[in-house]
Amino acid sequence: MGFSRYNSSHSTAPSAPELPLESYVHQQHQYQSYYGHPPPEPAPPRPSSSYVQSGGFPAGTRSDVVRAFQMVDKDGSGFIDEHELQQALSSGYQRFNLRTIRLLMFLFKNPYDSHRIGPVEFAALWSCLGYWRAIFERFDKDRSGRIDLMELRDALYSLGYAVPPPVFQLLISKYENGSGKAELDFDSFVECGMIVKGLTDKFKEKDKRYTGSATFSYDSFLCMVIPFLVSYD
């Protein structure tokens, strides 16, 4: 089981130790040989308390992001649930389908409370959506607010995901309108793209050498896939 290419990550997981130059060059070449894209840059480390501003947000978080979170955190707990997240994102992006919200909650989940996210997760999610919005608008050439399947394929590729044709067809089947055609708005684009990103990131955990293949147990496979099937239905 494998993906032909992958790249791009907005995870808040700790970055890998710095590699010696020779090792880095070898790894860069190896990755490009199999995937055609350079490996993603290491993700920044999760902010420690010394790098967190007032309210628990990472230092440098924009005031509008802090305000969007605090407006829906009615009880002042410092955490918001899926409905509050849906409301918060409406102030800066749009009103997302609850299915998409639940997928975002799963991918940006708080390690201490799987049903709510805090300021750090919210800031990372908001930043990620901003990047994906820019990609969506780049490929929405007629400014209709929707992209077709070829534009979706190209958008995913620009994010570093060259999804194989059979997998792509399976992925888009849920968005087809019965005539074999499909157009995705930003909500559906985020849902579709985050499924690809999430599964690819999980696969990359097993493919340490960027070969495009990995071996893992049946239990590991189920643990990897099932959350994407049940967490947002």
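Helix 3 (residues 82–90) and helix 4 (residues 98–107) meet in this predicted model. Their axes come within 10 Å and cross at roughly 105 degrees. Helix 3 is therefore roughly perpendicular to helix 4. Two packed helices are described by the angle between their axes and the distance between the axes.

Which residues make the contact? Helix 3 supplies E82, H83, L85, Q86 and L89. Helix 4 answers with L98, I101, R102, L104 and M105. By type, the residues of this contact divide into six nonpolar, two polar and two charged.

**The nonpolar core**

The largest nonpolar core has 52 residues. Which of them touch the most other members? They are L85, L89, F122, L152 and F189. Two of these names, L85 and L89, also appear in the contact of helix 3 with helix 4. In soluble globular proteins, nonpolar side chains tend to be buried together.

Several helices give two or more residues to this core: helix 2, helix 3, helix 4, helix 5, helix 6, helix 7 and helix 8. Helix 5 gives the largest share, eleven residues. Some of the contributors are listed here with their residue ranges.

| Helix in the core | Residues |
|---|---|
| helix 2 | 63–72 |
| helix 5 | 119–139 |
| helix 6 | 149–158 |
| helix 7 | 165–172 |
| helix 8 | 186–206 |

Take F189, a core member. Leaving aside neighbours within four places in sequence, F189 is in contact with W132, I135, F136, I147, L152, A155, L159 and L184. One of these partners, L152, is itself among the core residues that touch the most other members.

**A tryptophan in helix 5**

W126 sits in helix 5. Is W126 buried or exposed? Its relative accessibility is 6%, so W126 counts as buried. Not counting residues up to four places away in sequence, W126 touches R62, D64, V65, A68, A88, L89, S91, G92 and Y93. Look at A88 in that list. W126 and A88 are 38 residues apart in sequence, yet their C-alpha atoms are 9.8 Å apart in space.

**The whole protein**

How many helices and strands are there? The protein has nine helices and two strands. Along the sequence, the pattern reads α-α-α-α-α-β-α-α-β-α-α.

The protein has 233 residues, and buried residues make up 42% of them. Now consider contacts with a separation of 6 or more. Residues 24 or more positions apart account for 68% of these. The exposed surface is about 12,700 Å². Carbon and sulfur atoms supply 54% of that area.

How values were computed: Residues are numbered from 1 along each chain as its sequence is written. This is a predicted model: local features need pLDDT of at least 70, side-chain atom pairs count only at pLDDT 80 or more; totals for chains, interfaces and linings use all residues. Side-chain values use heavy atoms; hydrogens and water are left out. Axes are lines fitted to C-alpha atoms, for helices over the stretch in contact, and angles run from 0 to 180 degrees between N-to-C directions. Helices (H or I, at least four residues) and strands (E, at least two) are DSSP runs, numbered from the N terminus. Angles under 35 degrees count as roughly parallel, over 145 as roughly antiparallel, 65 to 115 as roughly perpendicular and the rest as oblique. Contact means heavy atoms within 4.5 Å. Ala, Val, Leu, Ile, Met, Phe, Trp, Tyr, Cys and Pro count as nonpolar, Asp, Glu, Lys and Arg as charged, and the others, Gly among them, as polar. A nonpolar core is a set of buried Ala, Val, Leu, Ile, Met, Phe, Trp, Tyr and Cys residues joined through side-chain atoms within 4.5 Å. Buried means under 20% relative accessible area, exposed over 50%, partly exposed in between (1.4 Å probe, protein chains only). Accessible areas come from the Shrake-Rupley method with a 1.4 Å probe; for residues, only the protein chains shown count as cover.
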